[in-house]
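I opened the model at the bench today and went through it piece by piece. These are my notes, in the order I looked things up.

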Amino acid sequence: MLKNPSIMKKAHEEMDKVIGRERRLKESDIPNLPYFEAICKETYRKHPSTPLNLPRISNQPCQVNGFYIPENTRLSVNIWAIGRDPQVWDKPLEFKPERFLSGRNKMIDPRGNDFELIPFGAGRRICAGTRMGIVLVHYILGTLVHSFDWKVPLEVGELNMDEAFGLALQKKVPLAALVTPRLTPNAYIP
Ligand code: HEM
């Protein structure tokens, strides 16, 4: 959103309509913020926090998509690559929340049943904190976006989006941002 101010602007407009500026975001506001929910899905797609899932081991030899997999092979599902696969996503390198607002993609849910978008993994060993993870992303990101205006400092120039691979995906260069309050002052008092 820092890279695409028009997306931040649309999120702010939606939040101002639904929540206003007199109070902070509540968990119960989320179902009324479809554009913001689409931003979260687009973030799971392009920047999944667990890019290679947790590894699996084949307990017997098998064939998957014509590939022979011997017994005891360590297997990783590349969630990061699925999110950027041009056979699955139109213009996959573009950050475009609108892709989740219409057509087939509108039905895609990140909770492990739609294999195009599996930020929490899938199957028997899916993330044990899936529901909590989704609530945290919505609540924390939603509060930060609704409560503040965000800008890249002039001296930083272009925001560096390089990623550092690991079990958890991190930014290679830490984020530097300028934040300005956008709610009435009382809204910030707990
Ligand atoms: C945005 C937040 C989170 C993301 C994206 C995430 C992602 C993942 C992924 C991809 C896996 C591997 C699933 C698989 O192997 O199929 C996983 C496993 C796991 N996660 Fe999360 N997670 C998140 C938050 C949480 C939270 C909040 C908790 C606990 C409160 C949690 C607890 C676990 C546990 C216990 C496992 C291992 C499950 C198992 O192997 O049976 N996660 N997570």
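**Notebook: loops, ligand shell, fold**

Asn-72 was my way in, and I found it in the loop between β3 and β4. I should write down right away that this is a predicted model. The backbone caught my eye here: Asn-72 is not a glycine, yet its phi is positive, about 65 degrees. Most residues other than glycine have a negative phi. I also asked whether Asn-72 is buried or exposed. Asn-72 counts as exposed because its relative accessibility is 57%, and the cut-off for exposed is over 50%.

Next I looked at Glu-71, which sits in the loop between β3 (67-69) and β4 (74-75). Glu-71 has 47% relative accessibility, so I have it down as partly exposed. Apart from neighbours within four places in sequence, I get contacts from Glu-71 to Ser-58, Asn-59, Gln-60 and Pro-61. I also took a distance across the model: 40 Å between the C-alpha atoms of Glu-71 and His-138. Those two are 67 residues apart along the chain.

I then looked at another positive phi. Lys-91, a residue other than glycine, has phi near 40 degrees. I located Lys-91 in the loop between α3 and α4.

**The ligand**

Which residues come nearest to the ligand? I noted Ser-49, Asn-53, Arg-56, Arg-125 and Cys-127, out of 17 residues around it. Sorted by class, the shell has 9 nonpolar, 6 polar and 2 charged residues. Helix α4 (residues 130-147) gives the largest share of the shell, with 3 residues.

What does the protein offer to the iron atom of the ligand? I find a single protein donor, the SG of Cys-127, at 2.2 Å. Cys-127 belongs to the loop between α3 (79-83) and α4. I checked the record too: an unreviewed UniProt entry lists Cys-127 under "binding site". With a relative accessible area of 34%, Cys-127 is partly exposed, because that value falls between the 20% and 50% cut-offs.

I went on to the ligand's oxygen atoms. A polar side-chain atom of Arg-56 lies 2.7 Å from an oxygen of the ligand. For Asn-53, I read 3.4 Å from a polar side-chain atom to a ligand oxygen. Ala-122 uses its backbone instead: an N or O atom there lies 3.3 Å from an oxygen atom of the ligand.

I stayed with Asn-53 a bit longer. Asn-53 lies in the loop between α2 (34-46) and β1 (56-57). Is Asn-53 buried or exposed? Its relative accessibility is 13%, so Asn-53 counts as buried; the cut-off is under 20%. Leaving out neighbours within four places in sequence, Asn-53 is in contact with Val-77, Ile-79, Gly-121 and Leu-167.

**Helix α4 and the chain end**

I picked Thr-143 as a spot to check in helix α4. Thr-143 is buried because its relative accessibility is 17%. Beyond its neighbours within four places in sequence, Thr-143 is in contact with Leu-25 and His-138.

At the other end of my list is Asn-186, in the segment after β8 (178-181). Asn-186 has a relative accessible area of 60%, so I wrote it down as exposed. From Asn-186 to Thr-130 I got 33 Å, C-alpha to C-alpha, with the two positions 56 residues apart in sequence numbering.

**The whole chain**

To finish, I zoomed out. How many helices and strands does the protein chain have? I count 4 helices and 8 strands. Along the sequence they run α-α-β-β-β-β-α-α-β-β-β-β. The C-alpha atoms fill a box of roughly 60 × 40 × 35 Å along the principal axes.

I also noted how much of the chain is buried: 34% of its 190 residues. Last entry is on contacts: taking those between residues at least 6 apart in sequence, 63% join residues at least 24 apart.

Notes:
Residues are numbered from 1 along each chain as its sequence is written. This is a predicted model: local features need pLDDT of at least 70, side-chain atom pairs count only at pLDDT 80 or more; totals for chains, interfaces and linings use all residues. Side-chain values use heavy atoms; hydrogens and water are left out. A residue is near a molecule or strand if one of its heavy atoms lies within 4 Å of it. A polar contact is a pair of N or O atoms within 3.5 Å; within protein, one must be able to donate a hydrogen and the other to accept it, and residues adjacent in sequence count only if both atoms are side-chain atoms. Helices (H or I, at least four residues) and strands (E, at least two) are DSSP runs, numbered from the N terminus. Ala, Val, Leu, Ile, Met, Phe, Trp, Tyr, Cys and Pro count as nonpolar, Asp, Glu, Lys and Arg as charged, and the others, Gly among them, as polar. UniProt positions are given in the numbering used here, feature names are shortened, and annotations may be inferred rather than shown by experiment. Buried means under 20% relative accessible area, exposed over 50%, partly exposed in between (1.4 Å probe, protein chains only). Donors are N, O and S atoms within 2.8 Å of the metal (3.2 Å for Na, K and Ca); water is not among the atoms, so sites may look incomplete. Contact means heavy atoms within 4.5 Å.
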